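Please open the structure in the viewer and keep the selection panel at hand. The stops below say what to select next and what is to be found there.

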Amino acid sequence: SITASDEDGGNAEELSDLIQTDAAINPGNSGGPLVNAAGEVVGINSASSVDYNNLGFSIPISATKGMLNSIIQNGKAVRAYIGVSYVNITADVAKEYSLPVKSGAWVHVEGRASTHSALVADGPAAKAGIKDGDIITKIGGVEIGKAGSLSSLVSEYMAGETIEFEFIRGNDTMVAQVTLGEYK
């Protein structure tokens, strides 16, 4: 994961599940394709990092699948979302917080008091019954962590699609049907 910001540092966002590339990505030229030797688009050039010797980073093309399908079907780019803040679970995070799994997405707001919910009120996840503290382990049968983060996997779908989410609450493994919302 890296934090990407505009030239003056005023706007920043956390990017994860990126492809590292030695392609030069300078302010103003992000958004171009990253192609492999066969001429196939494998990513979208997105950011460079001075913290990492000016390496370039690209969003994997699979993470744009839902938005691309939206453009094809509806003529406009619409990004799907589920309305949760989460912590990517790694072995270290699982150990530190005594979580029952070593991968997944813990619905939790890190560093905030327990009075802050990790869910958008009336958001897609909340409407489907997902709650603070749940650990989302699979989306559409695909395990989070092995095939990408929660946000990358959600990005493979279009807003309006209903996807099966598997999650852990306490000692129980549960399933919810989440209808993805439109990111605004």
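Select R169, which is partly exposed with a relative accessible area of 24%; buried means under 20% relative accessible area, exposed over 50% and partly exposed in between, for a 1.4 Å probe and protein chains only. The model is a predicted one, in which local features need pLDDT of at least 70 and side-chain atom pairs count only at pLDDT 80 or more, while totals for chains, interfaces and linings use all residues. Residues are numbered from 1 along each chain as its sequence is written, and side-chain values use heavy atoms, with hydrogens and water left out.

Now add D134 to the selection. The side chains of R169 and D134 meet in a salt bridge of 2.8 Å, N to O; the term denotes a side-chain nitrogen of Lys or Arg within 4 Å of a carboxyl oxygen of Asp or Glu. R169 belongs to strand β12 and D134 to the loop between α3 (124-127) and β10 (135-139), so the pair ties together parts that are 35 residues apart in sequence. Helices (H or I, at least four residues) and strands (E, at least two) are DSSP runs, numbered from the N terminus. D134 is buried, at 1% relative accessible area.

How many salt bridges does the count come to? The count comes to two. For K146 and E143, select both side chains: the closest N and O atoms of this salt bridge are 4.0 Å apart. K146 is exposed at 70% relative accessibility, whereas E143 is partly exposed at 31%.

Return to strand β12 (residues 162-169) and select strand β13 (residues 172-179) with it: the two pair in the antiparallel sense over eight bridges. Strands pair if DSSP finds at least two bridges between them. I168 stands opposite T173 in β13. The two strands form a hairpin with two residues between them, and G170 in the turn has a positive phi of about 65 degrees.

Next, select strand β8 (residues 86-89). Which residues make its covered face, and which its uncovered one? V87 and I89 make the covered face, Y86 and N88 the uncovered one. β8 pairs with strand β9 (residues 104-107) in the antiparallel sense over four bridges, and N88 stands opposite A105 in β9.

The aromatic rings come next. Rings of Phe, Tyr and Trp (its six-membered ring) pair if their centres lie within 6.5 Å; planes under 30 degrees apart count as stacked, over 60 as edge-to-face and the rest as tilted. By this rule there are two aromatic pairs. Y81 and Y183 form an edge-to-face pair, 6.3 Å centre to centre with 75 degrees between the planes. Y81 lies in strand β7 (residues 80-81) and Y183 in the segment after β14 (181-182), so this pair ties together parts that are 102 residues apart in sequence. The ring centres of Y97 and W106 are 4.9 Å apart and their planes stand at 55 degrees, so that pair is tilted. Y97 is partly exposed at 33% relative accessibility, but W106 is buried at 10%.

Keep Y183 in view and select R79. The charged end of R79 sits over the ring of Y183, 4.4 Å from its centre; for this, NZ of Lys or CZ of Arg must be within 6 Å of the ring centre and within 35 degrees of the ring normal.

Finally, select helix α1 (residues 65-74), where L68 lies. L68 is partly exposed, with a relative accessible area of 39%.
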